[in-house]
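Hi there,

Here is the structure I promised to pass along. Have a look at it first, and then read on for my notes.

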Amino acid sequence: MSIEPEIKQAIEESVTEMGQSDSVLRQIIAWLEAISNNKLSDRDQAQRLELIYDAIKVEKNENSYED
């Protein structure tokens with residue numbers, strides 16, 4: 001099963017709005033498509049998710065609650 005075009009569009013808009021790279025977009029879409037097609041083991045899913053986390057850039061905000 002493929003991801004609905006509306007979902008892909010929403011992901012693309014969100015990634016762009018948050019200033020993330022096209023690489024993040026491609027990785028998220030590929031990960032979701034692989035999951036929806038049941039092509040990934042739990043370990044593979046976790047590894048792909050870790051790659052996505054590593055690719056996402058987050059600016060620290062002075063109002064952040066993180067230490």
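Below is what turned up, going from the overall fold to the core and then to the charged side chains.

Please keep in mind that this is a predicted model. The protein chain has three helices and zero strands, so no surprises in the order of elements if you read along the sequence: the pattern is α-α-α. Of the 67 residues in the protein chain, 19% are buried.

**The nonpolar core**

Eleven residues form the largest nonpolar core: Ile11, Val15, Val24, Leu25, Ile28, Ile29, Trp31, Ala34, Leu40, Ile52 and Ala55. Two or more of these residues come from each of α1, α2 and α3, the last of which spans 42-55. Which helix gives the most to this core? That is α2, with six residues. As a general point, nonpolar side chains in soluble globular proteins tend to be buried together.

Ala34 is a handy residue to click on here. Ala34 sits in helix α2, and its relative accessibility is 9%; it counts as buried because that value is under the 20% cut-off. You can also use Ala34 for a distance check: its C-alpha atom is separated by 9.7 Å from that of Ile3, and the two residues are 31 apart along the chain.

**The salt bridge**

How many salt bridges are there? The count comes to one. It joins the side chains of Glu33 and Lys8, at 2.8 Å from N to O. The pair links distant parts of the chain, with Glu33 in helix α2 (residues 22-36) and Lys8 in helix α1 (residues 5-17), 25 residues apart. In general, side chains of opposite charge can pair when their charged atoms come close.

Are the two partners buried or exposed? Both fall in between: Glu33 has a relative accessible area of 24%, and Lys8 has a relative accessibility of 28%. Each is called partly exposed because its value lies between the 20% and 50% cut-offs.

**The negative patch**

On the surface, Glu12, Glu13, Glu17 and Asp22 form a negative patch. Helix α1 gives the most to this patch, with three residues. Glu17, one of the patch members, is placed in helix α1. With a relative accessibility of 68%, Glu17 counts as exposed, because the value is over 50%.

That is the tour; I hope you enjoy looking around the model.

Best wishes

Methods
Residues are numbered from 1 along each chain as its sequence is written. This is a predicted model: local features need pLDDT of at least 70, side-chain atom pairs count only at pLDDT 80 or more; totals for chains, interfaces and linings use all residues. Side-chain values use heavy atoms; hydrogens and water are left out. A salt bridge is a side-chain nitrogen of Lys or Arg within 4 Å of a carboxyl oxygen of Asp or Glu. Helices (H or I, at least four residues) and strands (E, at least two) are DSSP runs, numbered from the N terminus. Buried means under 20% relative accessible area, exposed over 50%, partly exposed in between (1.4 Å probe, protein chains only). Patches are made of residues with over 30% relative accessible area and no salt bridge: like charges are joined within 9 Å, nonpolar side chains (Val, Leu, Ile, Met, Phe, Trp, Tyr) within 5 Å. Accessible areas come from the Shrake-Rupley method with a 1.4 Å probe; for residues, only the protein chains shown count as cover. Lys and Arg count as positive and Asp and Glu as negative; His and the chain ends are not counted. The place of a charge is taken as NZ of Lys, CZ of Arg, CG of Asp or CD of Glu. A nonpolar core is a set of buried Ala, Val, Leu, Ile, Met, Phe, Trp, Tyr and Cys residues joined through side-chain atoms within 4.5 Å.
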